[in-house]
Amino acid sequence: MLRVELAERAKTYAHAKALPHCLSYGEQPVVCFEAFGSKLHGNFHPASYRGIRSNADWNARLAKVHTTARRCLPPPQNRERAELDSCMSSDALLMTIFCHPAVLRRDAVGRLLGFELKCRPQFGLRARVPLVGGRLDTTEVDMQIGNLLVEAKLTESDFQRAEKTKVLRYRDFLAVFDEAALPQSERHYHSYQLLRNVLAAHDRQASFCVLLDARRSDLLEAWYAVMKCVWAAELRTACKVLTWQELARALPVTLQVFLAQKYGIS
């Protein structure tokens, strides 16, 4: 239902603003926005996109290839379709908020998430969580800002699952979690991304936050199902969940208007 709503909102927004875009094939098409001019892109707030383009590391994130584009989208005219062009991209939503130049100067945002305002976010950070035998995990964390790790969710179906043999390779897994109480099936642990990020926070002595939509009660329930299995109270309190709607209240007014129009986040 959220995917349907976001697609309809994106189409309305694209037509109202005359933004370059295309629609995916299928009965429920997804909007894929396109860059235009030198510093404008329909999937991002204008100030955020200018900030992204002026930062080499952030700008490189825009080149992340849309892996199903050739199968589900019309061929592009100028460049490969990117994952962050999609109206369903949680990474695009994350960057449009935290690359906005006014957001990181707002005390309310720093207090809400628990980071110092002088920090600059890093996107697609390698988690490097220790594995048994001295090796390191190479999967990504959506964002790190100061001592805070962030996982962003929007229309993703869940927090993924992983085979138990894979999860048990994490060096501190059994020390951090009550393994028997975790959501699981015979062969898999559920909410793998949460497990991995809690382990990353434990290893770095950092805090961890999941950003999700208030309309996704299923993800909220999955969060609490994992958090109650963390042994240490100190680590549990260093982990938090926040909705995009709660975060929106602390943002600049122009960004609030953008999120309300394009995403229904208000």
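1. Where is Ser157 found? In this predicted model, Ser157 sits in the loop that joins β7 (148-152) to β8 (161-163). Because its relative accessibility is 60%, and anything over 50% is called exposed, Ser157 counts as exposed. If neighbours within four places in sequence are set aside, the residues in contact with Ser157 are Arg216, Asp218 and Leu219. Lys17, by contrast, is 140 residues from Ser157 in sequence, and the two C-alpha atoms lie 30 Å apart in space.

2. Leu94, a residue of helix α5, can be read in a similar manner. Its relative accessibility is 0%, and since a value under 20% is called buried, Leu94 counts as buried. Not counting residues up to four places away in sequence, Leu94 touches Phe123, Asp142, Met143, Val150, Ala152, Leu211 and Trp244. One of these contacts, Val150, is 56 residues from Leu94 along the chain, yet their C-alpha atoms are separated by 9.4 Å.

3. Helix α2, which covers residues 46-53, has Ala47, Ser48, Tyr49, Gly51 and Ile52 among its residues, and these five are buried. The elements that cover the buried residues of α2 include two strands, β3 (35-36) and β4 (40-41), together with the helices α3 (56-61) and α5 (90-98).

4. The next point concerns a pair of helices. The axes of α9 (residues 192-204) and α10 (residues 217-227) come within 10 Å of each other and cross at roughly 50°. This angle falls outside the ranges for roughly parallel, perpendicular and antiparallel, which means that α9 is oblique to α10. The crossing in which α9 passes α10 is right-handed. On the α9 side the contact involves Leu194, Leu195 and Val198, and these meet Ala222, Trp223, Val226 and Met227 of α10. Sorted by class, the residues of this contact are seven nonpolar, with no polar and no charged residues. As general background, an α-helix has 3.6 residues a turn, so residues three or four places apart point the same way.

5. A second pair consists of helix α1 (residues 2-17) and helix α13 (residues 253-263), which pack at an angle of about 115° with their axes 7 Å apart. From α1 the contact draws on Glu5, Leu6, Arg9, Ala10, Tyr13 and Lys17, while α13 contributes Phe258, Ala260, Gln261, Lys262 and Tyr263. In terms of class, the contact of α1 with α13 holds six nonpolar residues, one polar residue and four charged residues.

6. On the cysteines, a search of the whole structure finds zero disulfides. For Cys119, which is in no disulfide, the nearest cysteine sulfur belongs to Cys99 and is 14 Å away. Cys229 is likewise in no disulfide, and the nearest cysteine sulfur to it, that of Cys239, is 13 Å away. With a relative accessible area of 1%, Cys229 is buried.

7. Finally, two backbone angles deserve a careful look. Most residues other than glycine have a negative phi. Ala18, however, has a phi near 55°, a positive value in a residue other than glycine, and it lies in the loop between α1 and β1 (21-23). Ala18 counts as exposed, at 66% relative accessibility. Arg128 also has a positive phi, near 55°, and its place is in the loop between β5 (122-126) and β6 (140-145). With a relative accessible area of 49%, Arg128 is partly exposed.

Technical notes: Residues numbered from 1 in each chain as written. Predicted model: local features only at pLDDT ≥ 70, side-chain atom pairs only at ≥ 80, totals over all residues. Heavy atoms only, no water. Axes fitted to C-alpha atoms, helices over the stretch in contact; angles between N-to-C directions. Helix = DSSP H or I, 4+ residues; strand = E, 2+ residues; numbered from the N terminus. Parallel < 35°, antiparallel > 145°, perpendicular 65-115°, else oblique. Left-handed = near helix turned anticlockwise from the far one by under 90°. Contact = heavy atoms within 4.5 Å. Nonpolar A, V, L, I, M, F, W, Y, C, P; charged D, E, K, R; others polar. Disulfide = S-S within 2.5 Å. Buried < 20%, exposed > 50% of the residue type's maximum accessible area, 1.4 Å probe, protein only.
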